Amino acid sequence: EKMSIQLKTKAILAATALTLPIASYATNGDQLLGVTAIQWGMGGATIAAPQDAATVFINPAGIAELGMEEVRFDLSPGFMNPPREANGNTSDSNLFFLPSGAVAFKVNDKLFLGLGMAAQSGFGVDFSDTQPAPDNQQVVTTKGFFKLSPTLAYKVSDKLSLGASLNIGYQSLAMSNPMFTLPQNQQFGFGVTLGGIYHINDAFQLGASWVSKTNMSDHEFNTANGKVTMDMDVAQQLGLGLAYKSTSGLLVEADIKWINFSDTMDSVDMVTPGGTMPMKFGWDDQIVYSLGVQKQVSDKTKLRLGLNYGASPIEEEDVDNNIGSMAITELHLSLGATRQLSKRVSGSLSYTHAFENELTSNKEKAPGSGTYNTISISQNILYFQVAYQY
């Protein structure tokens, strides 16, 4: 009986090694470029010159830089269409809803408060088969990570603003394949975001932000063979940005961001009744480069263009341990616009295309089975935004 449990456990672990990372597929690794139409329209380049209350997630100092008299509200729902394939098999789940909302308040000339809640990463796939030889090897996963961020910012001087956010993370995870089912499970976690913005002169300003690792409570799944647990923390990030603003209504910003995936997704421990096994996913740290250009083309209209690039954190030698993982997108192109609808209300729209990227396993670096596995993904992302500023 003990031998039987151990064999079942090994089968679960082997299957999980191929399916767990499928739960994430988003844009920079498994992280979204932003959470509003304005942020996406700038290609995610918003650390130094944020323009909406959702800066609480990117650089909390930004709520002191919005130029509001009392308050700014931003509601920005998004939709993502990410066609994906694993060994030529397509996912049946191809449309996801990305909610986002934030508010910022001016308490006085120095003190600002904010609050935001938005989808940050995750989602899932629905493959009827994932292997080169059709055999109904279905894989269905759902993962969502949402963040609630109460924020405080302080305007030290006309040149310097500082801010901090408490990150309350909410993560949901479920997985199913022919060997096992891990039912839906939700856990909370906590982290912080710190940021600053410094005005070099009237034209140039610098921004810096640090998003700590979100330490999530262990997921606990009750299965037929007993309790299975695993820890799915969210990686820390460090970002720097430089923005240029002209008197003619031109804004150009360039950002660089480091995401510490090697700390959270290089190896994930799964604890089962039969013991603990490290799941060697092998994700590398990612460096993300983003460039955003915005032009005020009339009194009421702004247009945006954004580029975003980050090499996939998954390399060829890791494909076999990440079958179906969609975290390999690299190059994104964004278009966006804002229209002033009234004195205090504006509407924004953005469209982003992530160009298709395909990755095939390298058996010379990672010897294993005799087959080669291939994963691919492209993305189409549409965001709407309504803002009220007074």
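Which residues lie nearest the centre of the largest pocket? I began with this question, and I note that the model is a predicted one.

**Entry 1: the largest pocket**

I found that Q51, L66, R72, K302 and Q389 lie nearest the centre of the largest pocket, which 35 residues line. I then looked up which elements give two or more residues to this lining: they are strand 16 (250–259), strand 19 (286–296), strand 20 (301–310), strand 21 (331–340), strand 22 (345–360) and strand 23 (374–389). The space in the largest pocket comes to about 740 Å³. By class, I noted eleven nonpolar, 13 polar and eleven charged residues in its lining.

**Entry 2: the cavities**

I recorded the principle before turning to enclosed space. Rolling a probe the size of a water molecule over the atoms shows where empty space is left. The count came to three cavities of 30 Å³ or more. For the largest cavity I noted a volume of about 330 Å³. Its lining holds 25 residues, and F57, I58, V211, Q237 and K257 are the closest to its centre. Two or more lining residues come from each of helix 3 (55–58), strand 8 (139–155), strand 11, strand 15, strand 16 and strand 19. I sorted the lining of the largest cavity into eleven nonpolar, eleven polar and three charged residues.

The second largest cavity has a volume of about 70 Å³. Among the residues that line the second largest cavity I listed D30, Q31, S121 and K143. The lining of the second largest cavity divides into four nonpolar, four polar and three charged residues.

**Entry 3: strand 11 and its partners**

V211, already noted close to the centre of the largest cavity, led me to strand 11, which spans residues 204–211. In a regular strand the side chains alternate between the two faces of the sheet. Which residues form the covered face of strand 11, and which the uncovered one? I found Q205, G207, S209 and V211 on the covered face, and F204, L206, A208 and W210 on the uncovered face.

I next examined the pairing of strand 11. Strand 10 (residues 181–199) is joined to strand 11 by seven bridges, and the two run antiparallel. In this pairing Y198 stands opposite L206. Strand 10 and strand 11 form a hairpin, with four residues between them. Strand 11 also pairs with strand 15 (residues 237–245), in the antiparallel sense and over eight bridges. Here V211 stands opposite Q237, and Q237 too was listed among the residues closest to the centre of the largest cavity.

I also looked at N201, in the loop between strand 10 and strand 11. N201 counts as partly exposed because its relative accessible area is 38%. N201 and K159 are 42 residues apart in sequence, and their C-alpha atoms are 8.2 Å apart in space.

**Entry 4: an open sheet of four strands**

Strands of a sheet pair through backbone hydrogen bonds, either parallel or antiparallel. In what order do the strands of the open four-stranded sheet lie? I read the order as 13-14-17-18, with antiparallel pairing. Strand 13 (219–223) and strand 18 (275–280) are the edge strands, each pairing on one side only. Neighbouring strands of this sheet are turned by 20 degrees against each other on average, direction ignored.

At one edge, five bridges join strand 13 to strand 14 (residues 226–230). E220 stands opposite T229 in strand 14, and a hairpin of two residues joins strand 13 to strand 14. At the other edge, six bridges join strand 17 (residues 267–272) to strand 18. There T272 has G275 as its bridge partner.

**Entry 5: aromatic pairs**

A pair of aromatic rings is described by the distance of the centres and the angle of the planes. I counted seven aromatic pairs. W40 and Y383 form a stacked pair, at 5.5 Å centre to centre and 20 degrees between the planes. This pair links distant parts of the chain: W40 is in helix 2 (residues 37–41) and Y383 in strand 23, 343 residues apart. Are these two rings' residues buried or exposed? W40 is buried, with a relative accessible area of 0%, and Y383 is buried at 1%.

F79 and F97 form a tilted pair, at 5.5 Å and 45 degrees. F79 is partly exposed at 33% relative accessible area, and F97 is partly exposed at 48%. Finally, I noted that F73, F105 and Y388 form one aromatic cluster.

Notes. Residues numbered from 1 in each chain as written. Predicted model: local features only at pLDDT ≥ 70, side-chain atom pairs only at ≥ 80, totals over all residues. Heavy atoms only, no water. 1 Å grid on protein atoms, 1.4 Å probe; cavity = no way out; pocket = protein on both sides within 12 Å on 5 of 7 lines; lining within 4 Å. Points joined across faces, edges and corners; volume = space filled by probe spheres on them. Nonpolar A, V, L, I, M, F, W, Y, C, P; charged D, E, K, R; others polar. Pairing = 2+ DSSP bridges. Axes fitted to C-alpha atoms, helices over the stretch in contact; angles between N-to-C directions. Phe/Tyr/Trp six-rings, centres within 6.5 Å; stacked < 30°, edge-to-face > 60°. Buried < 20%, exposed > 50% of the residue type's maximum accessible area, 1.4 Å probe, protein only.
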